[in-house]
Amino acid sequence: MMIRTQIQLTEKQAEGLHEISRRTGTSVAELVRQSVDVYLKTQRQPDREEQVRRALSALGKYSSGQTDVGAEHDRYLAEDFGE
């Protein structure tokens with residue numbers, strides 16, 4: 001289902017969209033919908049489940065070469081951040 005929405009664009013924005021529309025054969029309305037989809041994807045905050053999944057997927061991927069990071073992590077952080 002589509003919802004009709006009215007927006008205001010600057011002259012430069014409208015000209016740019018019309019140029020892309022002519023060049024690609026895609027309607028201005030479709031270009032706006034695609035642009036909104038891209039914007040929404042970049043603004044989406046991952047939910048708790050997604051955050052946990054991402055964190056777990058990083059486990060074991062990186063190695064510092066140090067064997068005492070669990071016990072000495074504060075010291076390493078202080079050294080790296082100049083404290």
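Which side chain meets that of Arg 53 in a salt bridge? In this predicted model, the partner is Glu 50, and the N-to-O distance between the two side chains is 2.8 Å. Arg 53 and Glu 50 both belong to helix 3, which covers residues 48-58, and because they stand three residues apart in that helix, about one helical turn separates them. The two partners fall into separate classes of accessibility: Glu 50, with a relative accessible area of 18%, is buried because it lies under the 20% limit, whereas Arg 53, at 48% relative accessibility, counts as partly exposed.

The setting of this pair is a protein of four helices and zero strands, whose elements run α-α-α-α from the N terminus on. The radius of gyration of the protein is 24 Å, while a compact globule of 83 residues would have a value near 12 Å. Along its principal axes, the C-alpha trace spans about 60 × 30 × 20 Å. Of the 83 residues, 7% count as buried, and the accessible surface comes to about 8,000 Å², with carbon and sulfur atoms accounting for 53% of that area.

Side chains of opposite charge can pair when their charged atoms come close. The structure holds seven salt bridges, including the pair in helix 3 already described, Arg 53 with Glu 50. Another of the salt bridges joins Arg 33 to Glu 30, with the closest N and O atoms 2.9 Å apart. Both of these residues lie in helix 2, which comprises residues 28-43, and their spacing of three residues corresponds to about one turn of the helix. Arg 33 counts as partly exposed at 33% relative accessibility, and Glu 30 likewise counts as partly exposed, at 27%.

In helix 4, formed by residues 69-80, a salt bridge links the side chains of Arg 75 and Glu 79 at an N-to-O distance of 2.9 Å. Here the partners are four residues apart, and they are therefore separated by about one helical turn. Arg 75 is partly exposed, with 38% relative accessibility, and Glu 79 is also partly exposed, with a relative accessible area of 47%. This pair takes part in a network of salt bridges that links Asp 68, Glu 72, Arg 75 and Glu 79.

Arg 75 also has an aromatic contact, since it lies over the face of Tyr 76, at 4.6 Å from the ring centre. Arg 75 thus appears both in the salt-bridge network with Asp 68, Glu 72 and Glu 79 and over the ring of Tyr 76. As for contacts between rings, a pair of aromatic rings is described by the distance of the centres and the angle of the planes. A search of the whole structure finds zero aromatic pairs.

A nonpolar patch on the surface is formed by Val 36, Tyr 39 and Leu 40, which together present about 310 Å² of accessible area. Val 36 lies in helix 2, the helix that also holds the salt-bridge partners Arg 33 and Glu 30. At 41% relative accessibility, Val 36 counts as partly exposed, and this value is over the 30% that a residue of such a patch must exceed.

Definitions and conventions
Residues numbered from 1 in each chain as written. Predicted model: local features only at pLDDT ≥ 70, side-chain atom pairs only at ≥ 80, totals over all residues. Heavy atoms only, no water. Phe/Tyr/Trp six-rings, centres within 6.5 Å; stacked < 30°, edge-to-face > 60°. Lys NZ or Arg CZ within 6 Å of the ring centre and 35° of its normal. Salt bridge = Lys/Arg side-chain N within 4 Å of Asp/Glu carboxyl O. Helix = DSSP H or I, 4+ residues; strand = E, 2+ residues; numbered from the N terminus. Buried < 20%, exposed > 50% of the residue type's maximum accessible area, 1.4 Å probe, protein only. Patch = residues over 30% accessible without salt bridge, like charges linked within 9 Å, V, L, I, M, F, W, Y side chains within 5 Å. Areas by Shrake-Rupley, 256 points an atom, 1.4 Å probe, with all protein chains shown as cover. Rg over C-alpha atoms; globule rule 2.2 N^0.38 Å.
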